[in-house]
Amino acid sequence: MGNRTVTTFVLLGLTDDPELQVLIFIFLFLTYTLSVTGNLTIITLTFVDSHLKTPMYFFLKNFSFLEISFTSSCIPRYLYSIATGDKVITYNACVIQVFFTDLCGVTEFFLLAAMSYDRYVAICKPLHYVTTMSNRACRVLIICCWMAGLCVLIPPLSLGLNLKFCDSNRIDHYGCDAFPLVKISCSDTRFMEQTVIICAVLTLNMTLTCVVLSYTYIVKTIFRFPSAQQRKKAFSTCSSHMTVVSITYGTCIFIYMNPTAKEDVTIKKVASLLIFSVSPTLNPFIYTLRNNQVKKAFKGSIKRIALLSSK
């Protein structure tokens with residue numbers, strides 16, 4: 001993006017149909033509100049409830065913060081665009097949006113891998129859990145996730161900053177995304193595209209390998225438990241994380257590995273919009289509906305608020 005002959009971009013969005021835009025606005029506004037509210041609730045509960053001070057909820061708190069950051073990097077700007085009709089975004093704002101959406105997206109994969117390792121230690125090495133997953137170790141893992149995301153992002157981003165835009169500044173997307181930007185660039189983008197693919201494959205392989213290995217050992221350990229009640233309890237502690245992992249990796253593979261999704265721009269835009277809106281909305285419900293500790297903490301907080309308000 002080094003050629004400053006283009007100082008602004010035009011985001012074409014999903015559709016120009018006013019009625020569809022109203023429906024999209026309502027849908028995105030509701031999902032964004034639910035997402036922020038649900039994830040903020042989890043973050044608040046982990047701070048105020050003493051029963052939620054374990055490593056699992058420490059990672060969940062950071063995951064909720066990441067989800068808020070991820071959806072907030074894109075959805076509010078698109079809502080503003082629909083509400084005002086202003087589709088123009090400046091060069092600097094576009095770069096910032098690409099940086100934060102990609103950083104949060106990549107970091108999320110590493111955090112899911114760290115969370116799967118936490119579940120592995122809790123179930124397979126329970127006697128060493130307190131020492132292995134100490135507060136310091138958890139903080140180091142979180143820092144490593146962010147640093148890994150940054151290291152993966154820097155090579156393609158540094159190449160992207162040198163892209164030139166000569167003839168067109170119309171981005172066929174609802175936000176600033178790497179692939180639509182590459183599409184309208186007049187530079188030779190082959191090396192950058194190869195770099196993006198290498199970084200994406202490395203991220204996917206490293207994190208997915210960690211997740212698969214962790215859950216392979218977890219399943220083997222669970223099947224060795226003598227009672228059905230112990231097996232059920234162990235599976236219930238992992239089921240929420242496994243669901244989120246399936247959704248995250250499944251949608252990613254659908255968008256970037258499915259040839260049909262690549263050819264059909266509309267399908268790709270809709271699928272990516274669902275990742276930004278629906279996934280962050282579902283995650284708080286996935287982690288809380290089947291988690292008795294979180295439900296108890298939530299009910300306790302509601303009772304305390306009710307008592308304070310009645311005084």
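**View 1. Cys104, a buried cysteine with no partner.** In this predicted model, Cys104 is tucked away from the surface: Cys104 counts as buried, with a relative accessible area of 2%. Cys104 takes part in no disulfide, and the nearest cysteine sulfur, which belongs to Cys74, is 11 Å away. A disulfide needs two cysteine sulfur atoms within 2.5 Å. While you're here, look for Leu150 as well: 46 residues separate Leu150 and Cys104 along the chain, and their C-alpha atoms are 9.3 Å apart.

**View 2. Leu150 and the residues it touches.** Here we move to helix 6, which covers residues 135-160 and holds Leu150. Is Leu150 buried, partly exposed or exposed? Leu150 is partly exposed, and its relative accessible area comes to 27%. Leaving aside residues up to four places away in sequence, Leu150 makes contact with Phe99 and Leu103.

**View 3. Cys151, an exposed cysteine.** Cys151 has a relative accessible area of 52%, so it counts as exposed. Which cysteine sulfur is closest to the sulfur of Cys151? That would be the one in Cys144, but the two are 9.9 Å apart, which is too far for a bond.

**View 4. The disulfide between Cys94 and Cys176.** After those unpaired sulfurs, here's a pair that is joined. The structure holds 1 disulfide, and this is the one: Cys94 is linked to Cys176, with 2.0 Å from S to S. In general, a disulfide is a covalent bond between the sulfur atoms of two cysteines. What does the link tie together? Cys94 sits in helix 4 (residues 91-124), while Cys176 sits in the loop between strand 3 (170-171) and helix 7 (178-184), so the bond connects parts that are 82 residues apart in sequence. The angle about the S-S bond is -120°, making the link left-handed. Both Cys94 and Cys176 are buried.

**View 5. His173, in the loop between strand 3 and helix 7.** Follow the loop between strand 3 and helix 7 and you'll come to His173. His173 is buried, with a relative accessible area of 8%. Which residues does His173 touch, not counting those up to four places away in sequence? The list is Leu11, Leu12, Gly13, Pro180, Lys269 and Ser272.

**View 6. A small set of strands making an open sheet.** The sheet has 3 strands in the order 2-1-3, and the pairing is mixed. Strand 2 (88-90) and strand 3 are the edge strands, each pairing on one side only. Take the antiparallel pair to begin with: strand 1 (residues 8-11) and strand 2 are joined by 3 bridges. One spot to look for is Thr8, whose bridge partner in strand 2 is Thr90. Now the parallel pair: strand 1 and strand 3 are joined by 2 bridges. Here you can look for Val10, whose bridge partner in strand 3 is Arg170. In a regular strand, side chains alternate between the two faces of the sheet.

**View 7. The second largest pocket and its lining.** This pocket encloses about 740 Å³ of space. How many residues line the second largest pocket? There are 25, and the ones nearest the centre are Met56, Tyr57, Arg119, Thr237 and Gln293. Helix 2 (55-72), helix 4, helix 9 (228-257) and helix 12 (292-310) each contribute at least two lining residues. Helix 9 provides the largest share, with 6 residues. By type, the lining breaks down into 12 nonpolar, 8 polar and 5 charged residues.

**View 8. Phe254, a partly exposed residue of helix 9.** We stay with helix 9 for the last stop, since Phe254 is found there. Phe254 is partly exposed, with a relative accessible area of 37%. For a landmark, try Ser272: Phe254 and Ser272 are 18 residues apart along the chain, and 10.0 Å separates their C-alpha atoms. Ser272 also appeared in the view of His173, as one of the residues that His173 touches.

Conventions: Residues numbered from 1 in each chain as written. Predicted model: local features only at pLDDT ≥ 70, side-chain atom pairs only at ≥ 80, totals over all residues. Heavy atoms only, no water. Helix = DSSP H or I, 4+ residues; strand = E, 2+ residues; numbered from the N terminus. Buried < 20%, exposed > 50% of the residue type's maximum accessible area, 1.4 Å probe, protein only. 1 Å grid on protein atoms, 1.4 Å probe; cavity = no way out; pocket = protein on both sides within 12 Å on 5 of 7 lines; lining within 4 Å. Points joined across faces, edges and corners; volume = space filled by probe spheres on them. Nonpolar A, V, L, I, M, F, W, Y, C, P; charged D, E, K, R; others polar. Pairing = 2+ DSSP bridges. Contact = heavy atoms within 4.5 Å.
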